[in-house]
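Open the model in your viewer and keep the sequence panel in sight. This tour goes stop by stop, with something to select at each one.

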Amino acid sequence: MGEHPSPGPAVAACAEAERIEELEPEAEERPPAAPEDHWKVLFDQFDPGNTGYISTCKFRSLLESQSSKLDPHKREVLLALADSHADGQICYQDFVNLMSNKRSNSFRQAILQGNRRLCSKALLEEKGLNFSQRLIRHVAYETLPREIDRKWYYDSYTCCPPPWFMITVTLLEVAFFLYNGVSLDQFVLQVTHPRYLKNSLVYHPQLRAQAWRYLTYIFMHAGIEHLGLNVVLQLLVGVPLEMVHGATRIALVYVAGVVAGSLAVSVADMTAPVVGSSGGVYALVSAHLANIVMNWSGMKCQFKLLRMAVALICMSMEFGRAVWLRFHPSAYPPCPHPSFVAHLGGVAVGITLGVVILRNYEQRLQDQSLWWIFVAMYTVFVLFAVFWNIFAYTLLDLKLPPPP
């Protein structure tokens, strides 16, 4: 086999598996084998008794002698893993998990419990990166508090799939806003137009039996000033979070915030309609800010205090606008303007479910006790709100505004 040049700092997992062949002492050509066969052959050299474990001393010697042929970041993770085993042995399955990009919870805990400090230079200090590599590195430092996680993400991210969820939701929100703006011939404070609430996407208390309205209200915004801030926050916060944590997890936080927002309005502000994606946006942003605060020393994003202050000011201004609008004389009495309570529902989801998701990068959520506690709390709230919507309006003999 010919010699290969030393790999760069970011190498895909499949290429890593192919280069493992170079760690084997035999140089003759062999028939193609599955990646796990290569790892097994390498592992068996140090496990002649076929016990499934090898000495961490031998394992460290192997890694250090072949350091130029291994991706430097994955080598550091392997060394941290080896140092974390107090019994002096490393498991074959842990080795396979690393090379196949499978990070089990036990594997992650073994690394985090290690006493070794990574002595090589940090990802932030690496030079000669192109634009896409710098962007991925920037996202890693924006969202992840641990250097091991940042390097893991940097090596593993392939932009496949891209952050499609937040981009798709944002494009749909803009498209619906433009359509409504043309239809109503009004773009600023659309919500004050007499025909605004006639749209079938808006949540209205008289039409709460139409279940889709608890979700579709995110595609209606009070005006360009409302849409603008939500779009900016979705793109600046939501897209990087989706790049790191994936569309499924970020969609879960976003949709949970949206549903919690409309249900919170139906319980706490029973006569008001709801519009805008603030419930989902505030769930993502509050989860991100809470994660930064809880991991303050580990977060290495630049100007984090200033940026947190700016984010909080923007959120406060948007919330203040929503409160002012709610109590401003309505353009369609007796129905008031849309409620601000959805913002609070989103924050509640962000600091509970959202924080658990963002703190457990690439880990199984079902292994986290806090996850199940917050899921149970969210489920209880949803069931309570459903029963409230079925019975409370009648029992309280509440006078609701007529349907639009």
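The stops below cover pockets, cavities, salt bridges, cysteines and backbone geometry.

Keep in mind throughout that this is a predicted model.

**Stop 1: the largest pocket**

Select Glu142, Leu236, Val237, His288 and Arg307. Of the 23 residues that line the largest pocket, these are the closest to its centre. The pocket has a volume of about 500 Å³.

Now colour by helix. H7 (131-143), H11 (224-245), H13 (278-294) and H14 each supply at least two lining residues. H11 gives the largest share, seven residues. By class, the lining holds 17 nonpolar, three polar and three charged residues.

Where does the largest pocket lie relative to domain 2 (120-158) and domain 3 (164-396)? It lies between them, because both domains give residues to its lining.

**Stop 2: a salt bridge at the pocket**

Stay with two residues from that selection. Arg307 and Glu142 form a salt bridge, with 2.4 Å between the closest N and O atoms. Arg307 sits in helix H14 and Glu142 in helix H7, so the pair ties together parts that are 165 residues apart in sequence.

Are the two partners buried or exposed? Glu142 is buried, at 11% relative accessible area. Arg307 counts as partly exposed, at 35% relative accessibility.

**Stop 3: the other salt bridges**

How many salt bridges does a search of the whole structure find? The count is three.

Select Asp269 and Arg326 next. Their side chains meet in a salt bridge at 2.9 Å, N to O. This pair links distant parts of the chain, 57 residues apart: Asp269 is in the loop between helix H12 (247-268) and H13, while Arg326 is in helix H14. Both residues are buried.

Then select Glu318 and Arg321. Here too the side chains meet in a salt bridge, 2.9 Å from N to O. Both residues lie in helix H14, three residues apart, or about one turn of the helix. Glu318 is buried, and Arg321 is buried as well.

**Stop 4: the largest cavity**

Keep Arg321 selected. Arg321 is one of the residues that line the largest cavity. Add Ala222, His226, Val275, Ser278, Ala322, Leu325, Pro338, Ser339, Ala342 and His343 to complete the lining. About 70 Å³ of space lies inside.

Which helices each supply at least two residues of this lining? They are H14 (304-327) and H15 (341-359). The largest share, three residues, comes from H14. Six lining residues are nonpolar, four are polar and one is charged.

**Stop 5: the second largest cavity**

The count comes to two cavities of 30 Å³ or more. For the second largest, select Leu144, Pro145, Arg146, Asp149, Asn291, Asn295, Leu358, Arg359, Asn360 and Tyr361. Its volume is about 40 Å³. The lining has four nonpolar, three polar and three charged residues.

This cavity lies between domain 2 (120-158) and domain 3 (164-396), because both give residues to its lining.

**Stop 6: the cysteines**

Select Cys159 and Cys160. How many disulfides does the structure hold? It holds zero. Why is Cys159 not in one? The closest cysteine sulfur, in Cys160, is 7.9 Å from the sulfur of Cys159, too far for a bond. The cut-off for a disulfide is 2.5 Å.

Check accessibility too. Cys159 counts as partly exposed, at 41% relative accessibility. Cys314 counts as partly exposed at 25%.

**Stop 7: cis peptide bonds**

Move on to Pro161. The peptide bond from Cys160 to Pro161 is cis, with omega near 0°. Pro161 is in the loop between helix H8 (147-156) and helix H9 (164-184).

Next, show Pro333 and Pro334. A cis peptide bond joins these two, with omega about 5°. Pro334 lies in the loop between H14 and H15.

**Stop 8: positive phi**

Finish with two aspartates. Asp185 is not a glycine, yet its phi is positive, about 55°. Find Asp185 in the loop between H9 and helix H10 (213-216). Asp185 is exposed, with a relative accessible area of 69%.

Asp397 also has a positive phi of about 55° without being a glycine. Asp397 lies in the segment after helix H16 (369-395). With a relative accessible area of 64%, Asp397 is exposed.

Notes
Residues numbered from 1 in each chain as written. Predicted model: local features only at pLDDT ≥ 70, side-chain atom pairs only at ≥ 80, totals over all residues. Heavy atoms only, no water. Buried < 20%, exposed > 50% of the residue type's maximum accessible area, 1.4 Å probe, protein only. 1 Å grid on protein atoms, 1.4 Å probe; cavity = no way out; pocket = protein on both sides within 12 Å on 5 of 7 lines; lining within 4 Å. Points joined across faces, edges and corners; volume = space filled by probe spheres on them. Helix = DSSP H or I, 4+ residues; strand = E, 2+ residues; numbered from the N terminus. Nonpolar A, V, L, I, M, F, W, Y, C, P; charged D, E, K, R; others polar. Domains from an automatic or database assignment. Salt bridge = Lys/Arg side-chain N within 4 Å of Asp/Glu carboxyl O.
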